[in-house]
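Please look over the sequence and the fold shown here before reading my comments.

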Amino acid sequence: MPVLCLRNMYKTPCSRLTGLVGATVNKKLTLSAKAAKCQLSSLSLTQFRTTDSKEWLTFQQLSFLKRQYVVRHSGALGQRPRHKQEPVSAMLEDRDDLVMQQIQQIPTIKPVAGVTVPVPGGAAAETPVDLSNEPEADRQARMEARQWKELKVDYSELPDIYARLSKIKLTALVVTTAAAGFAMAPVPFDPTCFLLATVGTGLCSCTANSINQYFEVPFDSNMNRTKNRPLVRGQISPLHAVSFALACGIPGVALLSLAVNPLTGLLGALNIFLYTSCYTPLKRLSISNTWVGAVVGAIPPVMGWTAATGSLDAGALLLGGFLYSWQFPHFNALSWNLREDYSRGGYRMMSVTHPDLCRRVALRHSLGLIGLSSVAPFTGLTTWTFPLVSLPINLYITYLAFRFHRRADRQSARKLFFCSLWHLPMLLLLALTCKTRRAEPEAPPAAAATSSLAVQS
């Protein structure tokens, strides 16, 4: 009886059998047309012969072969879920609703005389209107609508336009600080010089603000805070704005230089240059614009001091230091709630690019106000009462700056900003009330004797 050796038949490179299966066939295979029947006798055995251990199929090899099979046939084994298709009727209903909404949003278009509206089929809807019999008034109106229109300025609105172009509130603050510097000077008060100095300083501020708006028209149009400015809305032309700036700047600098003193005029011209040529372009380049703007805001009280005394003294620099330090908690708190606007306008502010630095600088300069108030008596500007009476308001603004530094939210920034609005006038008023009074110089004895002899004779 032949024996089939299955080991040799199924021995392949990727599979091994550890035993030898022997099978005894009881009957010979028939080659008839019918299917051959193969029967195993009772003597058939399945024998497993122990061979060398190197030929065994280990569990690790079986796992490896299983992984190979799964990887090669992953496409056939994987089951991909089929997405449930939405009903066609629901899709059509949604599409019809969308079309109806779009149709409702289309405004009604008024027909224009003499214009032919073509029909989608190609034919004209109606015959063109004959314009030969058109009334003269209608023809003039139609021709005027096709031509460029000259910008017409309502002269009754010019005062309001000029006030917004010159940022009248900011200009009033500048004039107030200049007046405080003049009043703090240790010289007798001269009303004429005071009036000339305040008017000249106000004109210089109007010039700087007008040129600033002229340069920032494309950027102001992107900000909610500045989109209603006159140049953005087209209420006046750019040439008109520049002419107004020159009409204010030239007389302002000339008035300070000729009627007050050249030093004050030089400071006024320097302030215009710093604001228009340094601060304005730096707003889109670097966060250093905030420090340059603080210098610009610190110059007006120095101008008031030089207008009264004609010289730069320690008191003038101390007043400028008050304004310099005050502007950081004021402006940083303001810009914190306008970060979105400044981002749309393309301005590089500390609140946008360096928020942590913005809060630290506000706190740092709030503490600086306490230090400057303590230094004032040493310069002879105020008495020793001033550091004591100014300490409560300085501590309060420092507390708000510290809370703004810790919380970094809109509410704390808003409280710090509104506190700064009344803090500066209160600080300058306290400094004025605690001003050191200068004693009038006494007449020399020789002059007194000469005057007494003249009286006796």
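The points below take up confidence, one helix and the nonpolar cores.

1. This is a predicted model, in which local features need pLDDT of at least 70, side-chain atom pairs count only at pLDDT 80 or more, and totals for chains, interfaces and linings use all residues. Residues are numbered from 1 along each chain as its sequence is written, and side-chain values use heavy atoms, with hydrogens and water left out.

2. The pLDDT (the predictor's confidence in each residue, from 0 to 100) averages 77 over the protein chain, and 66% of the residues score at least 70. Over residues 443-457 the pLDDT is below 50, and this stretch has zero contacts beyond near neighbours in sequence, a contact being heavy atoms within 4.5 Å.

3. Helix 12 (helices being DSSP runs of H or I, at least four residues, numbered from the N terminus) covers residues 262-282 and reaches 29 Å from its first C-alpha to its last. Its buried residues (under 20% relative accessible area, 1.4 Å probe, protein chains only) include Gly265, Asn271 and Tyr279, and what covers the buried residues of helix 12 includes helix 7 and helix 14.

4. The largest nonpolar core (a set of buried Ala, Val, Leu, Ile, Met, Phe, Trp, Tyr and Cys residues joined through side-chain atoms within 4.5 Å) has 67 residues, and Trp305 and Phe322 are among those with the most contacts inside it. Helix 14 gives the most to this core, with 11 residues. Leaving aside neighbours within four places in sequence, Trp305 is in contact with residues including Phe182, Pro186 and Leu381.

Notes: Helices (H or I, at least four residues) and strands (E, at least two) are DSSP runs, numbered from the N terminus. The expected span of a helix is 1.5 Å times one less than its number of residues. Buried means under 20% relative accessible area, exposed over 50%, partly exposed in between (1.4 Å probe, protein chains only).
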